[in-house]
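Reader: I am in my first year and still learning how to read a protein model. Could you take one part of this structure and go through it slowly with me, and then show me how the rest is arranged around it?

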Amino acid sequence: MSAPDFKAIEEKWQRRWAEARIFEANPDPSKPKFFATFPYPYMSGPLHVGHGYTSVRVDVVARYKRMKGFNVLFPWAWHWTGETVAGASERIKRGDKKFIEALRVIDGVPEEELEKFVEPAYMAKYYTDYNREAVKRLGLSIDWRREFHTTSLHPWFSRFVEWQYLKLREKGYVVKGTHPVVWCPRCQSPVGDADRLEGSGVYPEEYVLVKFALDDAYLPAATFRPETIFGATNLWLNPEAEYVEAEVNGEKWIVSQEAAEKLKLQLRKVRILRVFRGCELVGRRCREPIHGRMLPILPGWFVKPESASGVVYSVPAHAPYDWIALKDLQENPKLLEEFGISPEEVKAVEPISIISVEGLGEYPALEISESLGVRDQHDPKAEEATKLVYKREFHKGVMKENCGAYAGLPVAEAKQRITEDFKARGLFDSMYDLPERVVCRCTTLCTVKILQDQWFLNYSNPEWKQRVKEALSMMEVYPREARAWFEAVVDWLRDWACTRKTGLGTPLPWSPDWIVETLSDSTVYMAFYTINRLIREEAIPAEKLTPELFDYVFYGLGDLERLAGELGLNAELIKALREEFLYWYPVDLRNSGKDLIQNHLTFFIFHHVALFPREHWPRAVAVNGFMRVEGEEMHKSKGNFIPLRKAVEEHGADVTRAVVLLAAEGLDDPDWRAESLREVKANLSSLQRFILEAWRAEGKDEAEEVEAWLLSMLGGRAEKVAEALEVLKTRTALENALYEVWKDFRWYLRRTKPHPPTVRRAIKIWIRLLAPFIPHLCEELWEKIGGEGFVSLAPWPSREEAPQNLEAEELEEALKLLLEDTKHILKVTGIKPSKICYYTASPWKWEVYLEALKRGRAQVKQLIGEALSKPEARRLGKQIARMVEEASRLENSARERRLEIGMVDEASFLRRVKGFLEGELKAEVYVFREDEDGIYDPKGKASMAEPYRPAIYVE
């Protein structure tokens with residue numbers, strides 16, 4: 001049989017699905033509903049196999065639920081908002097050669113199209129059309145009637161976003177405020193996570209500035225650990241960096257040139273008086289603000305002028321980098337010569353211990369640096385040492401006696417009090433900066449700006465947070481360990497700038513010079529899916545989608561007849577819009593990458609609890625890992641970017657689906673590997689051949705125990721697949737549906753001649769189990785075996801089709817183990833057997849065994865004592881004790897199964913499978929009951945028999 005033509009099969013079934021419109025879902029009160037969504041992707045480039053992984057997970061669950069009898073809605077849309085598309089278009093306008101080459105080579109954009117990409121909307125439409133084809137070819141079961149894209153270029157959706165923001169403002173969740181934001185100087189806008197080329201998840205951090213006096217000026221040293229000021233020994237300046245003397249709000253400050261520019265964006269009046277290099281001040285002494293100690297200013301080439309103020313104070317007892325830098329100067333006095341600093345002065349600088357930590361010595365920075373073997377400032381382990389010291393001191397440290405009024409306080413408390421007290425006395429100040437590099441989509445390096453009178457989503461509102469926590473407690477979160485991550489984000493989330501000046505999007509309704517930013521118009525659009533079908537089919541003009549209409553559709557507010565008259569719309573149509581929303585809502589499942597927990601997925605919950613009643617809050621959210629390629633992070637710059645459409649064109653949809661699904665589960669990152677592709681492609685080819693050959697195979701006329709075993713195992717596999725899919729364990733589900741069932745079939749065909757009615761019944765079950773994962777091949781197989789209709793709409797296998805037979809399962813498993821044990825004996829001994837004898841356990845052993853199962857671990861000793869009181873058991877003391885111990889240690893489910901079965905006639909079973917054993921072992925097989933008279937047992941092996949573990953004798 002030739003290998004299947006996957007491409008032809010996939011095109012055939014995608015065409016038939018579309019013609020039959022089987023994935024179009026309308027309200028049906030006779031069925032339970034299931035509404036699943038995937039975050040609409042940005043249209044600045046091709047979807048990649050990571051998008052494929054996440055969306056296929058949703059599709060698998062959607063297909064499974066459809067087969068379980070649910071009315072399933074899985075819609076799709078496209079995100080054009082923000083700087084993602086506009087920034088990409090801008091790079092083309094500016095002639096970014098590297099970027100343009102990536103579009104040519106990786107994305108495969110024709111030259112004539114590239115020229116038109118200078119228009120963001122054209123670029124977005126190009127990629128929307130390109131990616132729609134990719135999604136369709138992947139075989140996702142989408143209701144395309146509900147499709148839309150964002151921004152004012154789709155006025156229907158923009159009207160929905162306008163309603164959303166009017167409501168949020170009305171409810172007090174959108175407020176004007178003054179907050180630090182990540183800022184793009186070029187776009188003159190706040191830059192959210194999705195509008196960044198680099199630095200997703202990076203937010204402004206507040207540095208405390210400790211003011212060291214030098215003549216008539218201050219050197220404000222930036223720190224996250226102001227409580228360590230009591231241990232300061234010196235100041236660090238980068239001798240090669242440019243510094244400025246500047247008037248900052250009336251005070252003279254010395255900071256890096258970069259810091260002066262940052263301060264201008266943070267509501268400071270900054271006037272630069274002069275510019276100089278840091279070496280000018282190295283070697284001088286400054287006054288620390290607490291006790292007035294004079295401290296040397298030493299050269300620190302590690303000091304980054306672009307980080308905070310560009311001034312750092314040194315606490316070598318508690319900061320590994322400071323200790324290592326100080327040690328470098330002390331051991332290399334030549335470094336000091338050009339600054340005129342005497343080596344003795346530097347050698348005189350000694351660490352000052354100010355924090356005690358149980359389990360650590362006087363100088364934690366020295367101790368941990370040495371224990372980790374940190375070599376120098378450039379050793380990556382220096383960063384590890386820094387984090388370790390900070391963590392232990394912050395959580396377990398106590399301020400020492402030399403810390404004045406703060407002595408005896410836990411570090412966490414002292415930090416807050418010291419900051420408040422010394423700010424009040426004018427000794428400390430603060431500024432914001434980004435702890436890591438952030439680059440806008442327009443390629444500009446971002447900074448921090450304190451925005452005044454800017455519109456923010458008030459995520460810091462404690463009442464709003466509490467409602468989100470309530471919603472989370474009612475939701476399912478998959479995998480379970482992601483719940484803590486959501487809870488942490490809810491706690492630390494701060495007010496969020498929800499508008500920007502540039503890019504595509506919906507104008508803020510009350511201030512149209514601002515555009516709703518990309519992570520703020522993507523939070524409740526699932527509600528728009530529910531009504532967009534009717535909006536499109538009935539050609540409702542965008543201008544008729546008024547706030548009053550949305551109030552009626554989503555809240556039931558207003559008079560229907562009056563509203564219909566005012567809008568010139570049919571009252572039944574408006575009523576149908578509301579009924580459609582009420583039928584589909586809430587969202588039953590939303591699945592995305594784990595990176596979106598820190599923003600989009602949490603915002604999704606915030607907005608739902610703000611805008612909708614409790615019964616319309618989301619029911620479940622799932623997250624998964626990031627796609628890697630051959631173990632490496634996937635990125636265009638690395639040349640390992642795998643566009644989804646190309647993957648499907650090259651390997652086929654079912655192969656692509658199976659590879660990504662088998663690659664990972666939970667929060668683990670999947671890996672796209674050439675080896676996996678080859679293996680899965682070969683397996684799916686073999687699968688088709690195996691199923692069709694098994695379907696056509698002839699064999700025996702009567703069913704036996706092994707047929708009962710096969711059906712029982714299939715029924716169990718179906719339950720395991722269903723259990724896994726209910727909690728989004730898609731890899732576990734596919735492994736069971738594909739490989740475990742295949743293993744069962746192989747054992748069955750090894751064990752016996754096929755019984756065609758049973759085999760065909762089992763194959764019908766197997767194809768349905770596989771249908772959510774590899775739907776195209778399953779449709780083809782379903783058709784070839786004469787299945788009715790589409791397998792995508794066939795009912796999920798039930799237990800009635802594959803009845804459970806626990807005894808058949810246990811006996812067959814015992815047979816496998818017996819065969820394995822026998823072959824092991826033959827291998828170890830090197831015997832070529834002529835005769836193999838099996839001895840099954842006596843009834844009294846079964847009684848002891850079942851009692852051990854019944855009582856469990858708690859009564860092991862008592863039961864062993866009772867068992868050994870039997871005359872026949874005394875000479876087998878150790879064996880019986882071990883048997884009881886092992887029985888009592890079985891998992892609860894296994895114990896319950898065997899208790900339900902009770903005593904089994906293993907001898908009769910083994911006699912029935914004698915022919916199979918002889919064929920496998922190439923020897924005569926004899927089966928005896930241990931307590932039978934006159935049995936052949938020359939070596940006394942029979943007494944070693946135990947339930948489910950016959951004794952073996954080979955000669």
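Author: Let us begin with a convention for angles: two axes at under 35 degrees count as roughly parallel, at over 145 as roughly antiparallel, at 65 to 115 as roughly perpendicular, and at any other angle as oblique. Please keep in mind that this is a predicted model.

The part to look at closely is a pair of helices. Helix H12, which covers residues 381-396, packs with helix H13, residues 411-424, at an angle of about 90°, and their axes are 6 Å apart. By the convention above, H12 and H13 are therefore roughly perpendicular to each other. On the side of H12 the contact is made by Tyr-390, Glu-393 and Phe-394, while H13 brings Val-411, Ala-412 and Lys-415. Sorted by kind, the residues of this contact comprise four nonpolar and two charged ones, with no polar residue among them.

From this pair we can step back to the protein chain as a whole. The chain has 35 helices and 32 strands, and its C-alpha atoms fill a box of roughly 110 × 80 × 55 Å along the principal axes. Of its 955 residues, 58% count as buried, and the chain exposes about 39700 Å², of which carbon and sulfur atoms supply 49%. If we take the contacts with a separation of 6 or more, 77% of them are accounted for by residues 24 or more positions apart.

Among the strands, a good one to study is E8, residues 234-237. In a regular strand the side chains alternate between the two faces of the sheet. In E8, Asn-234 and Trp-236 are on one side and Leu-235 and Leu-237 on the other, and all of these are buried, which leaves both faces of the strand covered. Strand E8 is joined by three bridges to strand E14, residues 312-314, and these two run antiparallel; Leu-235 stands opposite Tyr-313 in E14. Three bridges also join E8 to strand E13, residues 294-299, but here the strands run parallel, and Trp-236 has Leu-298 of E13 as its bridge partner.

Next come two open sheets. Strands of a sheet pair through backbone hydrogen bonds, either parallel or antiparallel. One open sheet has five strands in the order E2-E1-E25-E26-E20, and its pairing is parallel. Strand E2 (71-73) and strand E20 (476-478) stand at its edges with a single partner strand each, so one side of each has no neighbour in the sheet. With direction ignored, neighbouring strands of this sheet are turned by 15° against each other on average. Strand E1, residues 33-37, pairs with E2 in the parallel sense over three bridges, and in this pairing Lys-33 has Asn-71 of E2 as its bridge partner. A helix accompanies the sheet as well: H20, residues 600-611, lies across strand E25 (589-593) and strand E26 (620-624), and runs at about 150° to E25.

The other open sheet has three strands, in the order E28-E27-E29, and its pairing is mixed. Its edge strands are E28 (632-633) and E29 (671-672), each of which pairs on one side only. Strand E27, residues 628-629, pairs with E29 in the parallel sense over two bridges, and the bridge partner of Val-629 in E29 is Trp-672.

Finally, the backbone itself deserves attention in a few loops. Most residues other than glycine have a negative phi, and most peptide bonds are trans. Against that background, the bond from Tyr-478 to Pro-479 is cis, with omega near -10°, and Pro-479 has its place in the loop between E20 and helix H15 (482-492). Another cis peptide bond joins Tyr-585 and Pro-586, with omega about 10°; Pro-586 lies in the loop between helix H19 (571-584) and E25. Asp-215, a residue other than glycine, has a positive phi near 55° and is found in the loop between strand E6 (205-214) and strand E7 (217-223), where Asp-215 is exposed at a relative accessible area of 63%. Ala-539 likewise has a positive phi, near 50°, and its place is in the loop between helix H16 (526-537) and helix H17 (547-555); with a relative accessibility of 58%, Ala-539 also counts as exposed.

Conventions
Residues numbered from 1 in each chain as written. Predicted model: local features only at pLDDT ≥ 70, side-chain atom pairs only at ≥ 80, totals over all residues. Heavy atoms only, no water. Axes fitted to C-alpha atoms, helices over the stretch in contact; angles between N-to-C directions. Helix = DSSP H or I, 4+ residues; strand = E, 2+ residues; numbered from the N terminus. Contact = heavy atoms within 4.5 Å. Nonpolar A, V, L, I, M, F, W, Y, C, P; charged D, E, K, R; others polar. Buried < 20%, exposed > 50% of the residue type's maximum accessible area, 1.4 Å probe, protein only. Areas by Shrake-Rupley, 256 points an atom, 1.4 Å probe, with all protein chains shown as cover. Pairing = 2+ DSSP bridges.
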